[in-house]
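Please open the model in your viewer, with a cartoon for the backbone and sticks ready for side chains. The stops below move from a whole sheet to a single residue.

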Amino acid sequence: MELDLKRIAVTDGAVIPFSYDADLTQEEMNGEYPFRTPVHIEGKVQNHLGVLKLHATANALYETRCARCLAPVKKDLHAVCDMVLSEDARGDDRDDIYLLEGDSIELDDIVIPALLLEIDFAYYCKPDCKGLCPQCGKDLNEGPCGCGGREIDSRLAVLQKLLDKED
């Protein structure tokens, strides 16, 4: 969503509120499309003593798979974005300044990256998820598998033979 900042740039205390839904259903992450519902974004841009300040929140439902057992997992994501909108950053490397290029801003360019940074590397169906058996692939949360689950690495098989001789 594009916001035209001309109307508040010269009036102290002026505010532009916004509320909209962004479509991220085509956003691919790790071979999946985890955003199956729209991302809700709302907030405001306010002129405070000649400084334009953006405050925005983004809320989304993130659907993925458990990193251990591949069961479906749904997580609520919430991101808060507070930025100062400036035409001149003057070499300032602060993370909370967004450099304006004209009289308008594209909110998705600011808020969506903040939301994506809230995504964890891995999600689990439950904290004590046992995962899948590395041999047969059975979900160990449903009970033990019948394969024994112990396979000796072929590179260490010679050492196992030595241990077997001692018994």
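Strands here are DSSP runs of E that hold at least two residues, numbered from the N terminus, and two of them count as paired if DSSP finds at least two bridges between them. Please keep in mind throughout that this is a predicted model.

Begin by selecting the sheet, which is open and consists of 5 strands in the order 2-3-4-5-6, with mixed pairing. At its edges stand strand 2 (15–22) and strand 6 (97–99), and because each has a single partner strand, one side of each is left without a neighbour in the sheet. If you look along the sheet, neighbouring strands are turned against each other by 30° on average, with direction ignored.

Next, add helix 2, residues 108–116, which lies across strand 2, strand 3, strand 4 (51–65), strand 5 (72–86) and strand 6, and which runs at about 140° to strand 5.

Now narrow the selection to strand 2 and strand 3, the latter covering residues 39–48; the two run antiparallel and are joined by 8 bridges. Two positions help to fix the register: Ala22 has Val39 in strand 3 as its bridge partner, while Pro17 stands opposite Lys44 of strand 3.

Turn then to the pairing of strand 3 with strand 4, which is also described as antiparallel and extends over 9 bridges, among whose landmarks you may label Gly43 with its bridge partner Ala56 in strand 4. The two strands form a hairpin with 2 residues between them, and in the turn Leu49 has a positive phi of about 55°.

Stay on strand 3 and show its side chains. In a regular strand the side chains alternate between the two faces of the sheet. Here the covered face carries Val39, Ile41, Gly43, Val45 and Asn47, whereas His40, Glu42, Lys44, Gln46 and His48 belong to the uncovered one.

Finally, centre the view on Asn47 in strand 3. Is Asn47 buried or exposed? Its relative accessibility is 2%, so Asn47 counts as buried, the cut-off for that being under 20%. Leaving aside residues up to four places away in sequence, Asn47 touches Ile8, Ala9, Val10, Thr11, Asp12, Gly13, Ala14 and Leu52. To end the tour, select the backbone oxygen of Ile8, which lies 2.7 Å from a polar atom of the Asn47 side chain.

Definitions and conventions: Residues numbered from 1 in each chain as written. Predicted model: local features only at pLDDT ≥ 70, side-chain atom pairs only at ≥ 80, totals over all residues. Heavy atoms only, no water. Helix = DSSP H or I, 4+ residues; strand = E, 2+ residues; numbered from the N terminus. Axes fitted to C-alpha atoms, helices over the stretch in contact; angles between N-to-C directions. Contact = heavy atoms within 4.5 Å. Buried < 20%, exposed > 50% of the residue type's maximum accessible area, 1.4 Å probe, protein only. Polar contact = N/O pair within 3.5 Å; in protein donor to acceptor, adjacent residues only side chain to side chain.
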